[in-house]
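Here are my notes for someone opening this structure for the first time. Have it on screen while you read, and take the points in order.

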Amino acid sequence: YNAYRTPTFPQFRTQYIRRRSQLLRENAKAGHEPAVRRQYLKLRAQLLGQRYGPLSEPGSFRAYSNSVVRSSRTTLDRMEDFDEDPRSLGARGHRRSISRGSYQLQAQMNRVIYDERTPGSVVPTSVAEASRAMAGDTSLSENYAFAGMYHIFDQHVDEAVPKVQFANDDRHLLACCSLDGSISVCQLVPAPPVVLRVLRGHSRGVSDFAWSLSNDVLVSTSLDATMRIWATEDGRCIREIPDPDGAELLCCTFQPVNNNLTVVGNGKHNVHVMNISTGKKVKGGSSKLTGRVLALSFDSPGHILWAGDDRGSVFSFLFDMATGKLTKAKRLVVHEGSSVTSISARSWISREARDPSLLINACINKLLLYRVVDNEGTLQLKRSFPIEQSLHPIRSIFCPLMSFRQGACVVTGSEDMCVYFFDVERATRAIVNKLQGHSAAVLDVSFNCDESLLASSDAGGMVIVWRREQK
């Protein structure tokens with residue numbers, strides 16, 4: 001909490017929690033009516049249901065508390081590090097107030113245990129009741145015991161599906177793009193799952209796409225040298241924007257704070273910041289890499305952009321929030337001549353401490369985890385995990401929830417047709433789970449917001465939605 005709100009006042013979290021515990025004890029002594037508390041929780045559940053969608057098990061208090069914490073932490077993870085200057089809030093101030101309210105609810109619901117060795121530090125321990133409650137009394141391996149196939153989509157069969165992604169803060173809305181030139185938007189509930197609409201317009205394969213923060217817009221890039229903006233509600237193409245260099249567009253990502261700006265990478269080694277409202281390139285928002293740009297990722301506040309190319313380099317750029325200008329900062333050679341096919345940034349790995357990290361796929365038969373060591377995006381290798389990747393554009397992700405158990409997970413595709421779960425904190429035997437069912441190289445993976453479903457796509461055009469085992 002203090003890392004988000006009061007980074008220069010580390011004692012504040014301890015004081016905050018102690019004061020809140022004191023108030024709760026005083027309220028208990030005062031003999032408040034239990035019915036008042038129940039009514040409060042009911043109203044709170046209704047408000048959160050309107051904000052995050054219906055709860056999976058309305059009758060279960062544990063499901064309610066887990067859903068609240070998971071939704072709020074997903075939102076908080078994306079919306080971190082906003083300025084405290086009230087003049088800069090705007091619409092962001094609303095989102096920040098949601099995160100703060102969710103945090104207070106979390107504090108009410110859980111009893112936090114402190115590590116005496118580091119005053120004020122909150123860490124998971126084997127006896128932490130809060131950790132057990134949030135994890136649903138399951139171990140890390142149990143929590144990621146995905147086994148059953150919930151559904152298989154095969155509308156893009158025979159053409160690779162390079163990207164699959166759930167909508168933001170949504171459990172059942174899923175999209176995937178294909179080298180057949182189309183994008184599918186799918187709904188998983190109510191059963192049976194259906195393809196809501198297919199977005200057609202690109203004349204060549206769709207290489208990448210991204211959901212806007214509110215899920216009302218999709219941006220896609222294509223080998224036909226154009227990017228398109230789609231209205232997800234009805235599938236209309238709002239705008240078609242040609243690449244400034246007339247080159248194949250290979251990847252895209254929204255600026256996380258200002259969704260009016262999208263960054264694209266192309267086959268002529270360039271990164272461009274595009275204004276999707278005007279369809280024009282932002283002045284000063286372009287830079288050149290050493291190779292074809294295959295992967296892009298912002299940090300959560302949107303201050304640093306990382307870009308990877310097919311020559312094995314990862315560049316960091318400082319992003320000017322006011323102008324959209326890019327300033328090249330650092331370069332890391334992952335492996336000379338080996339394509340960097342996926343970059344995923346995360347500000348928190350586990351509950352112990354703030355640990356900004358980058359997850360990178362490169363064609364060296366390894367999944368790489370880097371630590372971000374400074375404000376210019378300098379990277380330091382932390383761990384590597386063996387997978388099969390020497391040719392295909394494999395992608396990986398961090399699990400969306402900040403783990404309240406010991407350890408934290410990442411998930412990746414692999415050319416051996418499997419999906420791998422790795423615990424990044426384990427020194428040995430890091431594989432937590434391995435899913436088998438694809439008949440071609442697994443190219444991408446995506447969790448929904450509460451980790452109840454996992455989608456994976458492959459080079460043969462198949463998309464499998466996996467369901468977590470219920471204990």
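1. Let's start at a loop. Ala225 counts as buried, because its relative accessibility is 15% and the cut-off for buried is under 20%. You'll find Ala225 in the loop between strand E7 (217-222) and strand E8 (226-231). The backbone is worth a look too: Ala225 has a positive phi of about 70°, although it is not a glycine. For background, most residues other than glycine have a negative phi.

2. Before going further, a word on trust. This is a predicted model, and the pLDDT averages 80 over the chain. A score of at least 70 is reached by 72% of the residues. Where should you be careful? Residues 55-132 have a pLDDT below 50. That stretch still makes 149 contacts in the model beyond near neighbours in sequence, but where pLDDT is low, the predicted coordinates should not be read in detail.

3. Now the overall picture. The chain has 471 residues, and 55% of them are buried. Its secondary structure comprises seven helices and 28 strands. Looking at contacts with a separation of 6 or more, 53% are between residues 24 or more positions apart. The accessible surface of the chain is about 20,400 Å², and carbon and sulfur atoms hold 50% of that.

4. A second positive phi sits at Asp158, again not a glycine, with a value of about 85°. Asp158 belongs to the loop between strand E1 (146-153) and E2. Is Asp158 buried or exposed? Asp158 is exposed, because its relative accessible area is 67% and the cut-off for exposed is over 50%.

5. Follow the chain on to a sheet you can trace by eye. Four strands make an open sheet in the order E2-E3-E4-E5, paired antiparallel. Which strands stand at the edges? They are E2 (163-166) and E5 (194-200); each has a single partner strand, so one side of each has no neighbour in the sheet. On average, neighbouring strands here are turned by 20° against each other, ignoring direction.

6. Zoom in on the pairing of E3 with E4. Strand E3 (residues 173-177) and strand E4 (residues 182-187) run antiparallel and are joined by five bridges. If you want a landmark, find Leu174, which stands opposite Cys186 in E4.

7. The loop between E4 and E5 deserves a close look, as it contains both Pro190 and Pro192. The peptide bond from Val189 to Pro190 is cis, with omega near 5°. From Ala191 to Pro192 the peptide bond is cis as well, with omega near -5°. For comparison, most peptide bonds are trans.

8. Next, the aromatic rings. How many aromatic pairs does the structure hold? There are four, and Phe385 with Phe422 is one to look at: the ring centres are 4.9 Å apart and the planes are at 25°, so this pair is stacked. Phe385 comes from strand E21 (residues 379-386) and Phe422 from strand E24 (residues 418-423), so the pair ties together parts 37 residues apart in sequence. Both Phe385 and Phe422 are buried. Together with Tyr420, they form one aromatic cluster.

9. Another pair to check is Phe421 with Phe447. Their ring centres are 6.4 Å apart and their planes stand at 75°, so this pair is edge-to-face. It links distant parts of the chain, with Phe421 in strand E24 and Phe447 in strand E26 (residues 442-447), 26 residues apart. Phe421 counts as buried at 0% relative accessibility, and Phe447 counts as buried at 8%.

10. Last stop: Ser457, in strand E27 (residues 453-458). Ser457 counts as buried, with 0% relative accessibility. What does Ser457 touch, leaving out residues up to four places away in sequence? Its contacts include Val161, Pro162, Lys163 and Val164, as well as His438, Ala441, Val442, Leu443 and Asp444. Met462 and Val463 are also among them. Lys163 and Val164 fall in E2 (163-166), so this brings you back to the edge of the sheet in point 5.

Methods:
Residues are numbered from 1 along each chain as its sequence is written. This is a predicted model: local features need pLDDT of at least 70, side-chain atom pairs count only at pLDDT 80 or more; totals for chains, interfaces and linings use all residues. Side-chain values use heavy atoms; hydrogens and water are left out. pLDDT is the predictor's confidence in each residue, from 0 to 100. Contact means heavy atoms within 4.5 Å. Two strands pair if DSSP finds at least two bridges between them. Helices (H or I, at least four residues) and strands (E, at least two) are DSSP runs, numbered from the N terminus. Axes are lines fitted to C-alpha atoms, for helices over the stretch in contact, and angles run from 0 to 180 degrees between N-to-C directions. Buried means under 20% relative accessible area, exposed over 50%, partly exposed in between (1.4 Å probe, protein chains only). Accessible areas come from the Shrake-Rupley method with a 1.4 Å probe; for residues, only the protein chains shown count as cover. Rings of Phe, Tyr and Trp (its six-membered ring) pair if their centres lie within 6.5 Å; planes under 30 degrees apart count as stacked, over 60 as edge-to-face and the rest as tilted.
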